[in-house]
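Hi everyone, thanks for making the time. I'd like to walk you through a few features of this structure, so please have the viewer open.

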Amino acid sequence: MTSPPRFAAAADGHLAPAMKDAYVRDGFLILEDFVAAAACERLIAHTREMAAAADLSGVATIFSTTTVQHAADAYFAGSGDKTRFFFEEGAFDADGRLNRPQELALNKVGHALHDLDPEFSAFSRDPRLALLVSDLGIRAPLLLQSMYIFKQPGIGGEVVCHTDSTYLYTEPMSCIGLWFALEDATLENGCMWALAGRQREPLRSRFLRQADGSLGYEIYDDRPLEAEGAVPLEARRGTLVLLHGQLPHLSGPNRSPKSRHAYTLHVIDGACRYLPDNWLQRAPDMPLSGF
């Protein structure tokens, strides 16, 4: 595949047969012009205000998929029902101090924005999204996880090849990722790449809560997920990319002067079993809800 297929988003959110066929075949679907530019700008501005105003004086959690050091941090482990901020690895100097303004030092915000913040809730509960995931076979959609990803200019970190179901596992597997390009995602600023058709492969690992309470991986196949053969999913502002939970995907670092802001919402099927040893958990008084 030299260039992935792209489709114009339908006004009502429903997927045409060719769209569903592409998703089943490739494990991803690119829907252009799903979100208006003004809505993208509003979410960017809102998040920048949140980031600038947050008191993070006691927070130093770095999110990195290469070192996975966040896995040992209680701040990360307890973020399933919170709004928490995670820094880029390159945002600190040799003495451990931020080397740039706080709002330009963050890797992401997660993981319950869609339930705790009215702006994110409205964005995430667009009625078209309910129709769209229904068309993909989700019977009882639950909004499990949300992340605002900054991909900061110059220091935006690499995201290694992974599958979402490794982290958000149900029996049977049902996870779908909804990835919104709030800014243009290009080869220069670290767009996503995907291994088309590889969603049919068995899951190689799970990231979970182990018997001692720590977070770690349960390995089923220790072969690394290689990125060879991946296709770039460049996406202009307003594009929605759907990702099958078992699809291997990745993104490179951002060394360009342009940021690559994106918002990701993960949906699971409430008709499936969400395992109690999944890393992402919520307090009983904050159950998952749908659209």
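Let's start at R198 and E201, whose side chains meet in a salt bridge, with 2.3 Å from N to O. Do keep in mind as we go that this is a predicted model. E201 comes out as partly exposed, with a relative accessibility of 25%.

That pair belongs to a wider set: the structure holds 17 salt bridges. Let me show you a couple more. Please go to K82 and D81, where the side chains form a salt bridge at 2.8 Å, again N to O. Is D81 buried or exposed? With a relative accessible area of 11%, D81 is buried, because the cut-off for buried is under 20%. K82, on the other hand, is partly exposed at 33% relative accessibility.

Now R25 and D26. Their side chains meet in a salt bridge too, at 3.0 Å from N to O. R25 is partly exposed, its relative accessible area being 41%, while D26 has 3% relative accessibility and counts as buried. And if you like networks, have a look at R6, E32, D33 and R236, which salt bridges link together.

D26 takes us nicely to helix α1, which covers residues 17-26. Which residues of α1 are buried? They are M19, A22, Y23 and D26. These four span an arc of only 100 degrees around the axis, so they sit on the same side of α1. There is a familiar reason behind this kind of spacing: an α-helix has 3.6 residues a turn, so residues three or four places apart point the same way. Turn the helix around and, on the other side of α1, you find P17 and V24, both exposed.

What do the buried residues of α1 pack against? Their partners are four strands: β1 (6-8), β2 (28-32), β8 (176-181) and β13 (240-244). Just past the end of the helix, please click on G27, which follows α1 and has a positive phi, near 85 degrees.

On to a sheet. This one is open, with 4 strands in the order β6-β14-β9-β12, and the pairing is antiparallel. Why do β6 and β12 each have a side without a neighbour in the sheet? β6 (159-162) and β12 (231-233) stand at the edges and have a single partner strand each, so one side of each is left free of a neighbour in the sheet. Ignoring direction, neighbouring strands here are turned against each other by 25 degrees on average.

Within that sheet, let's zoom in on one pair. Strand β9, residues 192-194, and strand β14, residues 249-251, run antiparallel to each other and pair over 3 bridges. If you want a landmark there, M192 stands opposite S251 in β14.

Last stop, the cysteines. How many disulfides does the structure hold? The count is 0. Take C161: the closest cysteine sulfur is in C191, 14 Å away from its own, and that is too far for a bond. C161 is buried, by the way, at 16% relative accessibility. For C175, the closest cysteine sulfur belongs to C272, at 11 Å, which is again too far for a bond. C175 also counts as buried, with 4% relative accessibility.

That's my tour. Thanks for listening, and I'm happy to take questions.

How values were computed
Residues numbered from 1 in each chain as written. Predicted model: local features only at pLDDT ≥ 70, side-chain atom pairs only at ≥ 80, totals over all residues. Heavy atoms only, no water. Pairing = 2+ DSSP bridges. Helix = DSSP H or I, 4+ residues; strand = E, 2+ residues; numbered from the N terminus. Axes fitted to C-alpha atoms, helices over the stretch in contact; angles between N-to-C directions. Buried < 20%, exposed > 50% of the residue type's maximum accessible area, 1.4 Å probe, protein only. Arc of directions from axis to C-beta. Contact = heavy atoms within 4.5 Å. Salt bridge = Lys/Arg side-chain N within 4 Å of Asp/Glu carboxyl O. Disulfide = S-S within 2.5 Å.
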